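The following exercises concern surface charge and aromatic ring pairs. Please consult the sequence and the structure while working through each solution.

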Amino acid sequence: MTTGSKLPENLARFRKARNMSQHELAYAAGVGVDTVARIEQGSRKTTRPVTLARLAKALGVSEERLLGQLVTAPSDIDVVTLRHAITAGEHVPGLDDFAEAHEVVQIEELDRAAHEAWRAYVDGRHVELLHALPVVLADARRLVRSTSGDEQAAAHRALSRAYRLGAGMAGRVGFDDLAWTSAERALDAARQSDSPDLETAISLRYLAWTLVRQGRLDEAERVAVRAAEQVQPAMLDRDPARAGVFGNLLFNAASAALSAGRLGRADDLLAEAQAAAMRSRGDSATEAAIFGPRVAALQQVDHAARAGDPDKALRLAESMPSTRGEVPAFWEAGHRLRLAAASVEVRHYPDALRYLAEARDLAPDWVRYQPLGKSTMRDLVDRASRRRGAEFARLAAHYGVVDLR
């Protein structure tokens, strides 16, 4: 399903409501009047994040409101735009990028845009990510074509980061083959980047994650373990990026082993990742990896729950280390969903509702995509013997069990 862009009509509507001409809006936003005109006409299919932010600020509205989209389920994703963004490129004649061929950004601007897209991804701001990603990919591909040497290698790094986001987003909404394509392209760009060893390992993590989603568990574990061996930090190596990528690869390998029924192997891999986490200075969330003592503990709880031991998962959760640094909201939300499901299994229904509410408040958009949240809420609805109040109904609606619109 495609939702279509509401930006052209929204931009014109808000501009007119503010009694502004196109020239006045362009001046206030610091963009060209032709940019405003072409967006409103619908002839400009993509808009760089910085341009969108300037227009929204000049109109006094949020970027999300200006985009006018609410993504609440995988069926709401504009699949055509996402697929085009990932698969476009000059390697297929006629399948070129969206943006104008003459527009080439500097590497500093591209890096900022890629970081903002990643931030939208980890924050679960899917509307902003889906709008920004095609532009970042097009700009990175164009910069790769138009440069050479060190600048081209830096552009390949940015391109790899953008393709990884494409893999993550496609996998997040269930398009696993598209996620594989994007992860493969991320890997190819990483090998040509200015940091090939680390960028390749990061890209292989996304590839391994995609293999898990495809049910190719032996291959996923093998890819993740071999990549981890290539970047494994020495005992006194305090490089947080290397340690984080190493630990995340082991998380992927452990997940594959657990899904394949190799519980002991999964335990060993998680123990090695946890040892690396304990040597780190704290929790961190970067484009390279999300890692640290609390992150490793979250994985331990997830592992116990998925292994069919809800009591152990809930016990482990009671002794979780507090965050020292940053753990993304969607990781914490996923942890609450696991605890909610475990609580239902042991018939602690009030705890399950509390965890579902916490997950919703931490990452409201992200949790809508998670089958575990929906199935857990459905179990609670089915087991409810009487009316449970307005908050119960709001949670049921948020997790897609019922539609109260």
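Three exercises on this predicted model follow, each with a worked solution.

**Exercise 1.** Determine which residues form the negative surface patch and which helix gives the most to the patch.

*Solution.* The patch is formed by Glu229, Asp267, Asp268 and Glu272. Helix α14, residues 263-278, gives the most to this patch, with three residues. Aspartate 267 has its place in helix α14. Its relative accessibility is 34%, so aspartate 267 counts as partly exposed, given that this class lies between 20% and 50%.

**Exercise 2.** Classify the ring pair of phenylalanine 251 and phenylalanine 291 by geometry, then place both residues in the secondary structure.

*Solution.* The count of aromatic pairs comes to four. For phenylalanine 251 and phenylalanine 291, the ring centres are 5.8 Å apart and the planes stand at 50 degrees, so the pair is tilted. Phenylalanine 251 belongs to helix α13 (residues 240-259) and phenylalanine 291 to strand β2 (residues 290-291); the pair therefore ties together parts that are 40 residues apart in sequence. Phenylalanine 251 is buried, at a relative accessible area of 5%, and phenylalanine 291 is buried at 2%.

**Exercise 3.** Describe the pair of phenylalanine 330 and tryptophan 366, and identify the cluster that ring pairs form.

*Solution.* The pair of phenylalanine 330 and tryptophan 366 is tilted, at 5.7 Å centre to centre with 50 degrees between the planes. Phenylalanine 330 lies in helix α17 (residues 329-345) and tryptophan 366 in helix α19 (residues 364-367), so parts 36 residues apart in sequence are tied together. Both phenylalanine 330 and tryptophan 366 are buried. Ring pairs link Tyr121, Phe330, Trp331 and Trp366 into a cluster.

How values were computed: Residues are numbered from 1 along each chain as its sequence is written. This is a predicted model: local features need pLDDT of at least 70, side-chain atom pairs count only at pLDDT 80 or more; totals for chains, interfaces and linings use all residues. Side-chain values use heavy atoms; hydrogens and water are left out. Patches are made of residues with over 30% relative accessible area and no salt bridge: like charges are joined within 9 Å, nonpolar side chains (Val, Leu, Ile, Met, Phe, Trp, Tyr) within 5 Å. Accessible areas come from the Shrake-Rupley method with a 1.4 Å probe; for residues, only the protein chains shown count as cover. A salt bridge is a side-chain nitrogen of Lys or Arg within 4 Å of a carboxyl oxygen of Asp or Glu. Lys and Arg count as positive and Asp and Glu as negative; His and the chain ends are not counted. The place of a charge is taken as NZ of Lys, CZ of Arg, CG of Asp or CD of Glu. Helices (H or I, at least four residues) and strands (E, at least two) are DSSP runs, numbered from the N terminus. Buried means under 20% relative accessible area, exposed over 50%, partly exposed in between (1.4 Å probe, protein chains only). Rings of Phe, Tyr and Trp (its six-membered ring) pair if their centres lie within 6.5 Å; planes under 30 degrees apart count as stacked, over 60 as edge-to-face and the rest as tilted.
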